[in-house]
Amino acid sequence: MKNISFGQYYPAESIIHRLDPRTKVILAILYIVCSFVCQSAIGFTALIFSMLAIILISKIPIKTILRSIKPVIIIMVFMAFLNLFLVKGGVELTVWKITIYSKGIYTAVTSVLRVISLIIGTGIFLTYTTTPIELTDGIEQLFGFLKKIKIPVHEFAMMMTIALRFIPTLMEETDKIISAQKARGADFTNGSIVKRAKALIPILVPLFISAFRRADELAIAMECRCYRGGEGRTKLHVLRYRTRDFISMFIFIAFLAGLILINCFGVEYPFIENGWF
Amino acid sequence: MTKIKLENISYVYSPGTPYEVTALNDVSVDITEGTITGIIGHTGSGKSTLVQLLNGLEKPSSGRVLVDGTDIWEKPKEISKVRFKVGLVMQYPEYQLFEETIKEDIAFGPRNMGLDEAEIEERIALASSFVGLDEELLEKSPFDLSGGQKRRAAIAGIIAMKPDVLVLDEPAAGLDPLGRDEIFKSIVKYRNETGATVVIVSHSMEDMARLCDELIVMAHSKVVMQGNCREVFSNAGELEKIGLSIPQVTKLMMLLKEKGVCVDGGVYTVKDAVSELAKLFKIDH
Ligand SMILES: Nc1ncnc2c1ncn2[C@@H]1O[C@H](COP(=O)(O)OP(=O)(O)O)[C@@H](O)[C@H]1O
Ligand SMILES: [Mg+2]
């Protein structure tokens, strides 16, 4: 349990959780493209519905997702205001000496929608439903072709995997060391900055020692099992595309095609010529 | 007299997340002053969580912790005073050593208490004599010590604070029999010479039977039994049901009794068993 409690992985039984990690990377990319292709009101309505559908299917509580949007709210508000006051065009609307335009309102709303869909798309596919280890595995396979041009994809992925694997372990260890020093009366919250920085020594020294010890042990364990890098290495969990992967990719491609069609077939998209996005 | 009292304690890790774990569920415990109390239970039964509540490292989700009759969370600002009074040696304490010399590391606790240098020197000498660390070892770096020596140095770091209550979480885990005996010897010595209360977590029944006056048995986040060794080990069936054993001698004596041999089935140390059997054969030993 503890080895995945890091990050935002949310364990649940949903079809999105069960998708191949490679598929999820592809879907996330497709979804980002979709949100940028959107231009018309119809397109954005479809985008909103698709977001709701993805959230429902993933079985992640709305509350959890809202929490991930919270940190960027300020940026979104700032962006919305910029668009609202700076974009001109369309119907004029004067309230209290301030003139805003209908096009400004439209771009403000749609730019916020885009950011939300970006966060939800990447969040659900890449962090909430995929463990970091699965994700690295998927990325390694997906970009495996780069090995041909001598990029050490496997080694990078292995480094990622090890780092991700040890983050929760080290966090747990840090907790323990902090507790142990607190039990000896260490105080990390009071005093001047210098004093507080000094108070970190009793934590950092044991933490570094244990990190090096773990690295040593891991290296020896890997040597004992004859680890020699990625060459000719087989996998315990072989990633395999299944029907659900193909179906989901098909749906996303169809969605993208639909959005492009809406754009081409002259469905009015009123004020797009020089918006901020 | 009751030294520490836990009243209806519950403790939940990561509440409100999918990783929520109830580590303690409505636990009430009394620890009597001057006794050695053992806490036994299988892995994950909540022993470590329980001992971290005793000195205020963790705050209970509900319930009260009373030390000398006062609720330790009444004045959260003064919680560090409780930590000096109830010294906790965590599991694998040697991993917390950080100073350049053992001596400096032992001094960390007393220095945090604000004692003067003369007093600190005195405490280092006292603590290292309790755990049996030689003078010349004190000037060495923790890296140069053996596992057992490091463990004893870490325990000395707590003893140097002269706590009223010494709490040790699996002090013998991962040590050889000799190292284990040395640790237990120094714990008993500390209790006998200072009259302190001692709480030891372990899952070795033999060690617990030998050392403890009182036993607390934990299973599935609850306290299932509490009493002296004889009372606890008489419930052999129940102990086995929760995955714990009783000391080998007790098992043997019970078996003998079952077969009709006239012995006391509640004996739990080898020494008592020997005299019990000697009685049987009418020999003096
Ligand atoms: N820091 C923590 N975060 C989340 N859960 C924990 C943590 N520490 C312990 N637990 C859980 O609490 C329960 C009791 O653990 P613990 O008190 O360490 O038991 P014991 O010491 O008897 O082995 C276990 O189920 C364990 O997984
Ligand atoms: Mg434990």
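This passage describes the chain interface, the domain arrangement, the ligand surroundings and the salt bridges of a predicted model.

Local features need pLDDT of at least 70 and side-chain atom pairs count only at pLDDT 80 or more, while totals for chains, interfaces and linings use all residues. Residues are numbered from 1 along each chain as its sequence is written, chains are lettered from A and ligands numbered from 1 in the order in which they are written, and side-chain values use heavy atoms, with hydrogens and water left out.

The interface of chain B and chain A was examined first by contact, meaning heavy atoms within 4.5 Å. On this basis, 21 residues of chain B touch 21 residues of chain A. The two chains bury about 1,900 Å² between them, with 66% of it on carbon and sulfur atoms. Buried area is the accessible area (1.4 Å probe) that two parts lose on being put together, summed over both. One salt bridge is found across this interface; the term requires a side-chain nitrogen of Lys or Arg within 4 Å of a carboxyl oxygen of Asp or Glu. A:Arg184 and B:Asp105 form a salt bridge through their side chains, at 3.0 Å from N to O. Four residue pairs, both members at pLDDT 80 or more, are in polar contact across the interface of chain B and chain A. A polar contact is a pair of N or O atoms within 3.5 Å; within protein, one must be able to donate a hydrogen and the other to accept it, and residues adjacent in sequence count only if both atoms are side-chain atoms.

On the side of chain B that touches chain A, two or more residues each come from helix 2 (79-85), helix 3 (102-112) and helix 5 (147-159) of chain B. Helix 3 of chain B gives the largest share, four residues. Helices (H or I, at least four residues) and strands (E, at least two) are DSSP runs, numbered from the N terminus. By residue class, this side of chain B holds 13 nonpolar, six polar and two charged residues. Ala, Val, Leu, Ile, Met, Phe, Trp, Tyr, Cys and Pro count as nonpolar, Asp, Glu, Lys and Arg as charged, and the others, Gly among them, as polar.

Chain B is divided into domain 1 (2-236) and domain 2 (247-280), with bounds from an automatic or database domain assignment. Their C-alpha centres lie 32 Å apart. Nine residues of domain 1 of chain B contact nine residues of domain 2 of chain B. About 680 Å² is buried between these domains, 67% of it on carbon and sulfur atoms. In domain 1 of chain B, B:Glu206, B:Arg230 and B:Phe233 lose the most area to domain 2 of chain B, together 62% of what that side buries. The rule finds one salt bridge across this domain interface. B:Asp264 and B:Arg230 form a salt bridge, with their closest N and O atoms 2.7 Å apart. Helix 7 (205-211) and helix 8 (229-233) of chain B each supply at least two residues of the domain 1 side. The largest share, four residues, is from helix 7 of chain B.

Ligand 1 has residues of chain B around it, including B:Tyr13, B:His42 and B:Lys47, each with a heavy atom within 4 Å. An oxygen atom of ligand 1 lies 2.9 Å from a backbone N or O atom of B:Lys47. For B:Ser48, a polar side-chain atom is 2.7 Å from an oxygen atom of ligand 1. For B:Thr49, a side-chain N or O atom is 2.5 Å from an oxygen atom of ligand 1.

Over all chains, the count comes to 23 salt bridges.
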